[in-house]
Structures are given as structure tokens and as C-alpha cells.
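Let's take a walk through this fold together, strand by strand and helix by helix. Keep the viewer open and follow along.

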Amino acid sequence: MNANLSTPFFDCIVVGGGHAGCEAAAALARLGHKTLLVTGNLDRLGHLSCNPAIGGLAKTHMVREIDALGGMMGLWADASAIQMRVLNMSKGPAVRATRGQMDRQAYMANVRKTLFFLPNLRIWQDQVTGLVADDKRVTGVTTRAGLRFYASHMLLTTGTFLSGRIHIGLINMPAGRLGDEPATELSSSLTALGIQLGRLKTGTTPRLLGTSIDYDVLEAQYSDDPLPCFSFHGPRPSLPQIPCYVSWTNETTHDIIREGFDRSPLFTGVIQGTGARYCPSIEDKVARFPQRERHHVFLEPEGLDWAEVYCNGISTSLPLDIQERMIHSIHGLEHAVMVRPGYAIEYDYANPLQVQKTLETKAVPNLWFAGQINGTSGYEEAAAQGMWAALNISCRLRDLPPFMPRRDEAYMAVLVDDLVTLGTLEPYRMFTSRAEHRLLLREDTADMRLTPRGRELGLVGDKQWEAFERRRELCAKADSYLETRRLGSGTEVRGVSVAGMTLADVLRRPEVELCELAGKDTELSALLEDVDDFTLGTIQADVKYKGYIERQRALVARSLRLEETPLPEDLDYTAVAGLSGEVVEKLCRVRPASLGQAGRISGVTPAAVDCLEIHLHKLGLLRLGKMR
């Protein structure tokens, strides 16, 4: 049965209304492409299914990159934030990150407010049950309601819904998340098309009634002042700011948790999917780290007018009686009332070795994956993939070169390159340590790196571009002045003479801050008079770390030769002299796009890369002068 819609055929169908799907649908529609977003529950568009927070270490970097490209997550987060803090302020700027607590209902309302009013976006509540394909490509989807929708491209952003199953103790049930149906039929359709699926597991914590918590005995965490934000160009957060609270587990808590091990789906073999290494459940932490006397519990409010509190740090799938006793053993929660249980959820995913760097699947042309279907964990990782896939679909539709920034240009590039080069057998989470050029990828420089690219692609509007140009010009003026302005005789900073030194040389001293220098130089003070604290931080970091930044850029330049040396898609690796059978197998599975990507595959040695170079030269695909 064909759907009787005003637009019977679409440029792209996005399946799933989570963070990847919402970001992708918004980008495609704003770029002028006729887009259909199909999701099982319109009331849950942009739902923060786990913790009510956006950002954090490495994750904020991707939120800012999405914003720099003209995306939405940063704007939605700023409009919904009820607490904003910068993490790692005692460390260097490359590893600092903004984190915001969201009003869960406000966030979903802001997502809906955007999506429902985009001219090129049609939204439909239904469940996709299968894919329609001919011999060459995917052409459409079928739904539970008996409809068929057709498009030239399909983007699956299924989250935890693909054959999802929830576990609470030894009780389990099919669900995409608690209270929502799973997508039970789509997996078989993907398998029939040649996509190999595996199982992963994630989990969430119990929710408590806020009025039942004894906040007076707990440590409070407040927003920073001045208030940070995520977007480079949007309105600043305007909702009232409220605190989170900190407590700890204890030995009694751990004893109670151990009592539930024999009924834990994690330890009895009921759960088959691989869990997140870097976000373990509380029972996993207690089992793996028996020497630890306590673990953090962060009590995070879910909204200004919302009764529930999220217990970050005690994700669990233990039986309900154990969950309740565990909660009551924690300081401040002795009389807490649980309103929703913690649970684990298993779901299908496709190892991302099966997708190209654009996130289009290798087996099925015009079928794209983004988010947890690619094995990632986290709202920000999902949204970044949604943006990445949407821009590449748009480039394909407009016959433009693909959107593929390098690892030294974006955290989202590190994310995608890791996925398609290394694959993953467990939920992938982004860390600053995954980026070898992280000093070039600070959260405050995302606009400098990516906004021009977003403008070229048509997603950055005039207002955002004007704000970017003002900030770029101001940073350039300040940098030039600091590097050239020399201080006069008799000038001292912190009791030390700095006469004849440039302002930049003085600023590079570890203890000196930019605001101090402004007090020593009237022209600098005038230049920085109306500059916001965020941009002041950018100017200061650029000057203080200039030598390190130039050194990293030199390393990047040297490695570009390998990154810019393409490998043919149909290269016969069995014909390359000097490669071991193991290396040939890995190269055939990944099909790297360049020598640089080949060198990042686990087990592919520098000697193997040399063999590939020599083979390319023999084939006449590489000039001898470019080899060294």
C-alpha cells in the first residue's frame, strides 16, 4: 500500500527520532532536501533516554563542532540548560569541556519546535519494519501501518531499538527503552541485505522522587559564573540554574549489591551483549574493583518542574528489591522513593567496518547508518554521526565532493575514522585521548576549524557567519597586537621586569593571565574591552600554546603525504608482495581509502605500508618522487 502523502517520494528517509536522527533530519531539510523522519513515538523526539545532560570531556568538542557547522544540538542544549559548568579547569585548554544539565522536557520541546516547522521535513509516527531494495540499491521502507515510503537515500538511526530487550534482574522483556516498543522486524531485513549484526548492551539508573531526598546532608554543585554555553552564535542559556548534589556508595551498599549477584542478568549469563567498558554498571564496578570503598553518586535533577532525579553513577540491572535496598544505604537517600527502576538493554548493531567513511554501507548503496547502530554510546557521538551522514547525503544529492575532514580538523573525524578503520566490538565512547592532535581540536576553536566548511555547504546562515567573522577578526587582531607590542622600560609583571619583551612573550609565562596584561597596556585594554570571557580564553590559549600548536601542525603536514595517497577500492591486496596473510585479511575487510588509514588498522605495520607504497608505484599509481 502506498502512502497518500503530499510528497510521495523523498530525497532521504531518516529512521529514528533520537539525537542522530533529529540532527540529520534538521540538516537535510535546512539544506533544501525533501526529508521524511519516521519514528515510533513523536512525544519522544530528542529524548534524553539516559542521563539528562549534554557535553562532557571530548563530547562537548563534538557538540561545538556540530554548532560550528550550522547544526542544532548546541542551540537546543543552551535553550534547555538548568546547570552549566566547565570541567577540568585545573588542566590545559585542550582537555577542558563544558557540561550542561538539561531540563528533559524543555529539551524535547525545543527539538520539536525546530523540527515541526522546517519546510522540507515531513514527520511520521510509525515503526519501520523493513527495507525495500532492488538489485542495485535500497529504494524505500515498509511500516507497521502497512505503508511504503520511497527515497533515493535511507538513513538508519535506530539507537537501542533494533531488537531491543530490557533486563531487570532475571525479568526481561522486549523494548527499545522502558515504555517504548522495540523494532523487532527490521533486523531480519538488514540481515537479508547482507548486513552482519551483533549485540551490545547499555544501561541506565533508577530515578528517584526529588522531594524524598535529604539534600541538606549532601554536597551541592552549582553552575559556573559567568555561565558557559555550547553555541558560538545562539542565545545564551536563560532558564533558572539549579544545583546538582553529590553522594557516595559505601561498604554496606556494596554488600547489598553482592547479595544480588546470583540474580543479576550480567553475571548469570542472561545478557549476551557486550557492555560499555568506560561506563560500567554499579554491580560491575563492585565486582571489578573490590578494593574501592566507595563510588561517586551524582544526583541530577531532570527539570525545573519535574519531580524525578537521575542517580548518575549507579546504573544497574539488579533485581528491584536489591535496587531499593542499595538506594536506601546511600547517604542522603535513606528515605528516597524510587519511581523508575534501573535496567540494562541489549540491542542489535552493525560493526562499523561495514560502512564507508561517509557512513554509507558498503553492502547496500544509498543505505546509511548513524548513531548506536554503528556501535557508539552517547548522545553527542550519535548527533555528530547524524550531522556527518546528513552532510554526505547532501553532497551526494548535489554532486559535491564528500564531507570528510581529517583527524586533525575535528573530533567527529576522529570518531568516524576510528569506527570505520578499527571497528568496535563494544560500545564506543569518545575521549580526548583518542585524538592525537587534540591541542588543535580545543572546544573553543571548533568554529575556526569548521564554520567556513559549514558555510560552503550551505548550512551556516548569514547571522551565524557574521558572528563568526567578528570573532575571527577580533582573535586575529588581538594575536597580532600581542605578538608585536613591546613593553616599555620600567614595566614589571608580578615584580619582574619585562621591559622590551612582547606582550605575547610575557603571556607565555605560566603564571601570567591575559587580564593582567590588559592592565599594563591601554591599547590592549581598549581592544579587549567588550570581548566575552570565552573569546578571551581563545586568544590566551592561542598565544600561550603557540609553539606547541605550530609543532603539531608540522607533524600533521608531514603525515598528509600518507593521508593524501589514495588506495583503489578494488586493489588486489593478495598481489602485494611482502604482506602477511593476516594483514591481507584486515586490508580486505576494511578497504582503507588511503595509505594513512591503512596504517591505522590494528596489525598493519609501517613495513606493510611501505609494501603498499611500492606496489602502488609498480602499478603506476604513485610517482617515485612522492614516495619519500
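Start with the open three-stranded sheet, whose order is β3-β5-β4 and whose pairing is antiparallel. The edges are β3 (53-55) and β4 (81-87), each of them pairing on one side only. From one strand to the next, the twist averages 20°. Keep in mind that you're looking at a predicted model.

Now zoom in on how these strands are stitched together. β3 and β5 run antiparallel and are joined by three bridges, with G55 partnered by R99 in β5. On the other side, β4 pairs with β5 (residues 97-102) in the antiparallel sense over six bridges. Two pairs to pick out there are V86 with T98 and Q83 with Q101.

How covered is β5? Six of its six residues are buried. In a regular strand, side chains alternate between the two faces of the sheet, and here both faces turn out to be covered. A97, R99 and Q101 are buried on one side, while T98, G100 and M102 are buried on the other.

One of the residues that meets β5 comes from far along the chain: E443, which sits in the loop between α10 and α11 (446-457). Is E443 buried or exposed? Its relative accessible area is 6%, and the cut-off for buried is under 20%, so E443 counts as buried. The E443 side chain reaches the backbone nitrogen of A97 at 3.4 Å. Leaving aside residues up to four places away in sequence, E443 touches T60, H61, R64, R96, A97, T98, F232 and F534.

Step off the end of β5 and you soon arrive at helix α4 (residues 104-115). At the start of α4, a side-chain oxygen of D103 comes to within 3.2 Å of the backbone nitrogen of Q105. Does the length of α4 fit a helix, and what should it span? At 1.5 Å a residue, its 12 residues should span 16 Å, and the end C-alpha atoms are 17 Å apart, which agrees. The buried residues of α4 are R104, A106, Y107, M108, N110, V111, T114 and L115. When you look at that list, remember that an α-helix has 3.6 residues a turn, so residues three or four places apart point the same way.

Next, a pair of hairpins. β7 (residues 128-133) and β8 (residues 138-143) form the one, with four residues between them. These two strands pair in the antiparallel sense over five bridges, and V132 stands opposite G140 in β8. β8 then goes on to make a hairpin with β9, again with four residues between the strands, and G146 in that turn has a positive phi of about 85°. Three bridges join β8 to β9 (residues 148-156), and the two run antiparallel; T142 has R148 as its bridge partner. Like β5, β8 is mostly covered: six of its six residues are buried.

There's another open sheet to find, this one of four strands in the order β11-β10-β19-β12, with antiparallel pairing. Its edge strands are β11 (171-174) and β12 (197-204), each pairing on one side only. Neighbouring strands are turned by 25° against each other on average, direction ignored. Within this sheet, β10 (residues 165-168) pairs with β11 in the antiparallel sense over four bridges, and R165 has P174 in β11 as its partner.

Finish with the helices around α10. The axes of α2 (residues 59-68) and α10 come within 8 Å and cross at roughly 110°. That makes α2 roughly perpendicular to α10. On the α2 side the contact is made by H61, M62, E65 and I66, and on the α10 side by Y411, M412 and L415.

α10 (residues 411-422) also packs with α9 (residues 379-397), at an angle of about 90° and with the axes 10 Å apart. α9 and α10 are therefore roughly perpendicular as well. Here E381, A384, Q385 and W388 of α9 meet M412, A413, L415, V416 and L419 of α10. Compare the two contact lists and you'll see that M412 and L415 appear in both. H61 is worth a last look too: this α2 residue takes part in the contact with α10 and is touched by E443.

Notes. Residues are numbered from 1 along each chain as its sequence is written. This is a predicted model: local features need pLDDT of at least 70, side-chain atom pairs count only at pLDDT 80 or more; totals for chains, interfaces and linings use all residues. Side-chain values use heavy atoms; hydrogens and water are left out. The expected span of a helix is 1.5 Å times one less than its number of residues. Buried means under 20% relative accessible area, exposed over 50%, partly exposed in between (1.4 Å probe, protein chains only). A polar contact is a pair of N or O atoms within 3.5 Å; within protein, one must be able to donate a hydrogen and the other to accept it, and residues adjacent in sequence count only if both atoms are side-chain atoms. Two strands pair if DSSP finds at least two bridges between them. Axes are lines fitted to C-alpha atoms, for helices over the stretch in contact, and angles run from 0 to 180 degrees between N-to-C directions. Angles under 35 degrees count as roughly parallel, over 145 as roughly antiparallel, 65 to 115 as roughly perpendicular and the rest as oblique. Contact means heavy atoms within 4.5 Å.
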